[in-house]
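Here is a friendly walk through one chain, from the overall picture down to single side chains. Keep the sequence and the 3D view open as you read.

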Amino acid sequence: MIDDMTALDGWDNFYVMVGSSAGALIGLQFVVMTLIADMPTAPTDARAAKAFGTPNVVHFGVVLLLSAILIAPWHGINIVATLWGLAGFCGLLYVIIITKHMQSQTVYEPVFEDWAFHVLLPLTAYALLAVSACVAYWHARPALFAVGASALLLLFIGIHNAWDTVTYHVFVKRRELQQTEQPSQTLEENQNDKT
């Protein structure tokens, strides 16, 4: 068991960079959601948002939390490992919830890429966090690299999924909206021409 914090030396810059990125991306998620808020939604869209939108903010939030935990001035690694282990365990439970939301929503039929980036890769990242917490008591340095890898994986998962969500709304939903508005505008123009 390692009680001195020499294992955490040198990680400050990494977690400042990763945590800042996660915080900025959380803010961008809110901006994007605000920009697409004027699009018409159906009640079933809320289920899809729980499956494909909310997890991005949660993953970014976990990265931000890990960054804050790992750069705090702790007196030993035991409490730090316990905290990131709890984050990993809660993340594993959350992936189960995401899976249920993906299966119950009817707006979009998930493809393999969706299952990989919304279930398999987050499951890997959170499992790595949970396992590395146990390993940290005996091998702190390798465990910290596992935590760093988990944080980066969650960051890149969130970036991929956020981009996927934005492109879906821009190229699919907006096109559908334009196609439904265009016939009604043509009908109105025809009625105006008759009068």
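Of the 195 residues in the chain, 36% count as buried, where buried means under 20% relative accessible area, exposed means over 50%, and partly exposed lies in between (1.4 Å probe, protein chains only). The model is a predicted one, in which local features need pLDDT of at least 70, side-chain atom pairs count only at pLDDT 80 or more, and totals for chains, interfaces and linings use all residues. Residues are numbered from 1 along each chain as its sequence is written, and side-chain values use heavy atoms, with hydrogens and water left out.

**Overall layout**

The chain has six helices and zero strands, and its pattern along the sequence reads α-α-α-α-α-α. Helices (H or I, at least four residues) and strands (E, at least two) are DSSP runs, numbered from the N terminus. Among contacts with a separation of 6 or more, 84% join residues 24 or more positions apart; contact here means heavy atoms within 4.5 Å.

**How the helices pack**

Two packed helices are described by the angle between their axes and the distance between the axes. Axes are lines fitted to C-alpha atoms, for helices over the stretch in contact, and angles run from 0 to 180 degrees between N-to-C directions.

Let us begin with helix α3 (residues 54-71) and α5, which pack at an angle of about 20° with their axes 12 Å apart. That makes α3 roughly parallel to α5; angles under 35 degrees count as roughly parallel, over 145 as roughly antiparallel, 65 to 115 as roughly perpendicular and the rest as oblique. The crossing of α3 and α5 is left-handed, a term used if the near helix is turned anticlockwise from the far one by less than a right angle (right-handed if clockwise). On the α3 side, Asn56, Val58, His59, Val62 and Leu66 meet His118, Pro122, Tyr126 and Leu129 of α5.

α3 also packs with helix α4 (residues 77-104), at an angle of about 175° and with the axes 10 Å apart. That makes α3 roughly antiparallel to α4. Here Thr54, Pro55, Val58, His59, Leu66, Ile69 and Leu70 in α3 meet Val80, Leu83, Trp84, Tyr94 and Ile98 in α4.

**Buried residues that link distant parts of the sequence**

The table lists three buried residues with their accessibility and a C-alpha to C-alpha distance.

| Residue | Relative accessible area | Partner | Sequence separation | C-alpha distance |
|---|---|---|---|---|
| Tryptophan 11 | 9% | Leucine 144 | 133 residues | 8.8 Å |
| Isoleucine 77 | 1% | Alanine 140 | 63 residues | 7.8 Å |
| Isoleucine 157 | 0% | Phenylalanine 60 | 97 residues | 9.1 Å |

Tryptophan 11 is found in the segment before α1 (12-35). Not counting residues up to four places away in sequence, tryptophan 11 touches Leu144, Phe145 and Gly148. Isoleucine 77 has its place in helix α4. Isoleucine 157 lies in helix α6 (residues 140-194) and, leaving aside neighbours within four places in sequence, is in contact with His59, Phe117, Leu121 and Pro122.

**Two polar side chains**

Is aspartate 114 buried or exposed? With a relative accessible area of 3%, aspartate 114 is buried. This residue lies in helix α5 (residues 112-135), and its side chain reaches the backbone nitrogen of valine 111 at 2.9 Å. Setting aside residues up to four places away in sequence, aspartate 114 touches Phe52, Met102, Tyr108, Glu109, Val119 and Asp164.

Glutamine 105 sits in the loop between α4 and α5 and, at 5% relative accessibility, counts as buried. Its side chain reaches the backbone nitrogen of valine 107 at 3.1 Å. A polar contact is a pair of N or O atoms within 3.5 Å; within protein, one must be able to donate a hydrogen and the other to accept it, and residues adjacent in sequence count only if both atoms are side-chain atoms.

**Aromatic pairs**

How many aromatic pairs does a search of the whole structure find? The search finds three. One of them joins phenylalanine 14 and tyrosine 15, edge-to-face at 4.8 Å centre to centre with 90° between the planes. Rings of Phe, Tyr and Trp (its six-membered ring) pair if their centres lie within 6.5 Å; planes under 30 degrees apart count as stacked, over 60 as edge-to-face and the rest as tilted. Both phenylalanine 14 and tyrosine 15 are buried.

The rings of tyrosine 137 and tryptophan 138 have centres 6.1 Å apart and planes at 75°, so this pair is edge-to-face. Tryptophan 138 is exposed, with a relative accessible area of 61%.
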